[in-house]
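Subject: The structure, and what turned up in it

Hi,

Here is the structure I promised to send over. Have a look at it first, then read on for my notes.

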Amino acid sequence: MKVITKNRAAFHDYAIEKEYEAGLVLQWCEVKSIKTSHVNIKDSIIILDNRELWIVGMDVPLYEKTSYVLVPGYQPKGRRKILVNKKELAKLSAALDVSGTILLPLELFISKRWRIKIKLWVARLMRKVEKKQILKEKDVKRQMDREIKGMKNI
């Protein structure tokens with residue numbers, strides 16, 4: 001599994017509740033562009049529309065060696081369909097019914113069978129109080145590790 005891109009901002013702003021893996025419907029020029037790591041999922045979000053999942057805002061620029069004549073009307077930030085089976089779709093729609101939860105793309109990667117896949121998060125937005133608490137816990141842990149390391153050197 002080769003990770004192409006990650007949504008690092010999501011790690012800081014959202015709390016994970018569940019993680020899923022799904023495929024994407026892409027054009028040939030989009031596949032080539034993604035495989036050369038020309039993609040951005042930072043500002044994208046996943047929506048449920050007519051019992052189908054769509055990713056909106058994923059920026060996939062046109063492959064550098066492709067002419068606009070071959071792909072007329074190409075939209076780099078257009079909607080792209082996400083492929084999930086019916087059971088997972090039912091679970092995701094039930095999770096989205098809970099207030100405050102959203103679907104976010106976590107990372108794009110190439111699977112063992114050379115397919116481009118996406119990891120999805122069912123997440124909820126963290127409040128500032130929760131973020132501060134997590135930062136305090138990390139700081140305390142870091143301080144304790146320093147003191148333990150200093151005790152070993154004596």
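Let me start with a question: which side chain meets Glu-52 in a salt bridge? The partner is Lys-81, with 3.2 Å from N to O. Before going further, please keep in mind that this is a predicted model.

The Glu-52 and Lys-81 pair links distant parts of the chain, with Glu-52 in strand E4 and Lys-81 in strand E5 (residues 80-83), 29 residues apart. As for how open the two are, Glu-52 is partly exposed at a relative accessible area of 29%, and Lys-81 is partly exposed too, at 28%.

**Other salt bridges**

The structure has 8 salt bridges in total. Another of them brings together the side chains of Arg-124 and Glu-17, at 3.6 Å from N to O. Arg-124 belongs to strand E7 (residues 116-125) and Glu-17 to strand E2 (residues 14-24), so this contact ties together parts that are 107 residues apart in sequence. Arg-124 counts as partly exposed, with 32% relative accessibility, and Glu-17 is partly exposed with 45%.

E7 and E2 come up again with Lys-119 and Glu-19, whose side chains form a salt bridge at 3.7 Å, N to O. Lys-119 is in E7 and Glu-19 in E2, so the pair ties together parts 100 residues apart in sequence. Is Lys-119 buried or exposed? Lys-119 is buried, because its relative accessible area of 15% falls under the 20% limit for that label. Glu-19, on the other hand, is partly exposed at 41%.

Going back to Lys-81, which was partly exposed at 28%, there is one more thing to add about the charged residues. Glu-19, Glu-107 and Lys-119 are joined into one network by salt bridges that share partners.

**Charges over rings**

Lys-119 has a further neighbour: its charged end sits over the ring of Phe-109, 5.9 Å from the ring centre. Arg-79 does something similar with Trp-54, lying over its face at 4.4 Å from the ring centre. And how many aromatic pairs are there? The count is 0.

**The E3-E4 hairpin**

Strand E3 (residues 45-49) pairs with strand E4 (residues 52-56) in the antiparallel sense, over 5 bridges. If you want a landmark, find Ile-46, which stands opposite Ile-55 in E4. The two strands form a hairpin with 2 residues between them. In that turn, Asn-50 has a positive phi of about 55°. Glu-52 from the opening question lies in E4 as well.

**Helix H2**

Four residues of helix H2 (residues 28-35) to look for are Cys-29, Glu-30, Ser-33 and Ile-34, which are buried. Why do they line one face of the helix? Looking down the axis of H2, the buried residues fall within an arc of 135°, so they share one face. That fits the usual helix geometry: an α-helix has 3.6 residues a turn, so residues three or four places apart point the same way.

What covers these buried residues of H2? The cover includes strand E1 (2-6), E5, strand E6 (101-110) and E7. Just after H2 comes Ser-37, which has a positive phi near 65°.

Happy to go through any of this together.

Best wishes

Note on methods: Residues numbered from 1 in each chain as written. Predicted model: local features only at pLDDT ≥ 70, side-chain atom pairs only at ≥ 80, totals over all residues. Heavy atoms only, no water. Pairing = 2+ DSSP bridges. Phe/Tyr/Trp six-rings, centres within 6.5 Å; stacked < 30°, edge-to-face > 60°. Lys NZ or Arg CZ within 6 Å of the ring centre and 35° of its normal. Salt bridge = Lys/Arg side-chain N within 4 Å of Asp/Glu carboxyl O. Buried < 20%, exposed > 50% of the residue type's maximum accessible area, 1.4 Å probe, protein only. Arc of directions from axis to C-beta. Contact = heavy atoms within 4.5 Å.
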